[in-house]
Amino acid sequence: MKQSQLFTKTHKEAPADDIAKNAKLLVRAGFVDKLQAGVYTYLPLGLRVLKKIENIIREEMNTARGQEILMPSLQPKENWQTTGRWDTMDDLYKVSDASGRENALGPTHEEIVVPLVKQFVSSYRDLPFATYQFQNKFRMELRAKSGILRGREFIMKDMYSFHRDEEDMIAYYETMKGVYARVFERVGIGATTFLTFASGGSFAKYSHEFQTVTSAGEDTIYICDKCRVAVNNEIIEEQKHACPQCGEKNLRTETSVEVGNIFELKTRFSAPFDLTYKDEEGKDRTVVMGCYGIGLGRVFGTVVEVLGDDKGLVWPRSISPFAVHLVEIGNTDDATVHDEAQRLYDELLNKGVEVLWDDRNLRAGEKFAESDLIGIPLRIVVSSKTLSSDTFEVKDRATGEVSMLSWEELLAVCKKQ
Ligand SMILES: [Zn+2]
């Protein structure tokens, strides 16, 4: 894509009313726009990142045999009354129309997915399976001060699994721990993300969160470096300040952001909707469930918090809006530089490399500062200086390292994931 055609622009100043690093950088770099507290528009560059995160999650959910669907946000009050959550969920958005009919704007989809699958499940042969979606969720957050980390409207991947019994559900739940670890590894926060023991509520001993260590975090976790797991602040008392896996007492305290969670729902939602199946003996049994969430904005914002530096955003290759930032330096009278940049742009596109080409007529310093702010992993400079050379000047955004590469070497670096 040519940068001259991008309708958005970077901002010189960070927004005054946003204190979170992720919001400051993302708004300045033109990735998101704030409509109101906790509600953001994803702009062209930001949406490319969001879609890459989504596709990584989709690939992993499909590997775990998840079947993708899309459920509505507008959800009948009756469904929420069936589970009792119409009255107990404090942060539920409730809307009524002119006729007085009430709906919830879904913060989660158990109330929709359970009656949905009830139409298709009758026998033990219909189980197990899992279904998931990417969907906008709504939550009445009173303190939406953390940029895209804590939204009032936000996109989540939520998956629900359905099983004959607890044993089968727990086996799947254990598999999902590994699937989640792979997702966070692939988006670039694997090293700082910990499987965290949290309270399971009244239905299970534990639920599990995936917490990423960052100073922007609102949670406190206690990490056992031996097991590479953590305990959430809320259950640390119950654990007598020891690792639930090995009993280690010497735990490291960190602030963190929850980027995902998994719950053993058991029959909490299947029972009120009477979601049952006939077992081998023809006896009616209640379906056992698990659920698995990842907040996409959370992941997006957390990557910015963890990897961003004083110059701006730093994208891991896997979710960068483009693989390469091609920056053309020179005055507009110099057609040879522009022609060379055009040739390189075409050739890279031809080889399947995603390129953002800064073809604008701006000063070199301005272009480099903006390129650092946008944070694409590789920068290639084309100038009158590079024209005389048969190698390409490539700068690594994360390390600042500059290398001179041949065309073959350049292609290899650009295509490396
Ligand atoms: Zn341990």
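1. Two strands count as paired if DSSP finds at least two bridges between them. The model discussed here is predicted. By that criterion, strand β17 (residues 324–328) pairs with β18 in the parallel sense, over 4 bridges. Within this pairing, Leu326 is placed opposite Trp357 in β18.

2. These two strands belong to an open sheet of 5 strands, ordered β18-β17-β19-β20-β21, with mixed pairing. Its edges are β18 (355–358) and β21 (402–405), each of which pairs on one side only. From one strand to the next, the twist averages 25 degrees.

3. The antiparallel part of the sheet includes β19 and β20, which pair over 4 bridges. Here Val381 stands opposite Glu393 in β20. β20 is also joined to β21 by 4 bridges, again with the strands running antiparallel. Glu393 has Met404 as its bridge partner in β21. Glu393 can thus be followed across two pairings: it faces Val381 and is bridged to Met404.

4. The connection between β20 and β21 is a hairpin, with 5 residues between the strands. Gly400, in the turn, has a positive phi of about 80 degrees.

5. Two helices lie across strands of this sheet. Helix α8 (residues 335–350) lies across β17, β18, β19 (378–382) and β20 (392–396). The direction of α8 is at about 170 degrees to β18. Helix α11 (residues 407–415) lies across β17, β19, β20 and β21, and runs at about 125 degrees to β21.

6. How do α8 and α11 sit relative to each other, and what angle do they pack at? The angle is about 55 degrees, and the axes are 11 Å apart. Angles of 65 to 115 degrees count as roughly perpendicular and those under 35 as roughly parallel; α8 and α11 are therefore oblique to each other. Their crossing is right-handed.

7. The contact of the two helices can be listed by residue. From α8, Leu344, Glu347 and Leu348 take part, and they meet Trp407, Leu410, Leu411 and Cys414 of α11. By class, the residues of this contact are 6 nonpolar, no polar and 1 charged.

8. A separate open sheet has 3 strands in the order β4-β6-β5, with antiparallel pairing. β4 (74–76) and β5 (93–96) are at the edges with a single partner strand each, so one side of each is left without a neighbour in the sheet. Direction ignored, neighbouring strands of this sheet are turned by 40 degrees against each other on average.

9. In that sheet, β4 and strand β6 (residues 102–105) run antiparallel and are joined by 3 bridges. Gln75 stands opposite Ala104 in β6.

10. On charged pairs, a search of the whole structure finds 33 salt bridges. One is between Arg186 and Glu60, whose closest N and O atoms are 2.9 Å apart. Arg186 lies in helix α6 (residues 166–186) and Glu60 in helix α2 (residues 44–63), so this salt bridge ties together parts that are 126 residues apart in sequence. In general, side chains of opposite charge can pair when their charged atoms come close.

Definitions and conventions
Residues are numbered from 1 along each chain as its sequence is written. This is a predicted model: local features need pLDDT of at least 70, side-chain atom pairs count only at pLDDT 80 or more; totals for chains, interfaces and linings use all residues. Side-chain values use heavy atoms; hydrogens and water are left out. Axes are lines fitted to C-alpha atoms, for helices over the stretch in contact, and angles run from 0 to 180 degrees between N-to-C directions. Contact means heavy atoms within 4.5 Å. Angles under 35 degrees count as roughly parallel, over 145 as roughly antiparallel, 65 to 115 as roughly perpendicular and the rest as oblique. A crossing is left-handed if the near helix is turned anticlockwise from the far one by less than a right angle, and right-handed if clockwise. Ala, Val, Leu, Ile, Met, Phe, Trp, Tyr, Cys and Pro count as nonpolar, Asp, Glu, Lys and Arg as charged, and the others, Gly among them, as polar. A salt bridge is a side-chain nitrogen of Lys or Arg within 4 Å of a carboxyl oxygen of Asp or Glu.
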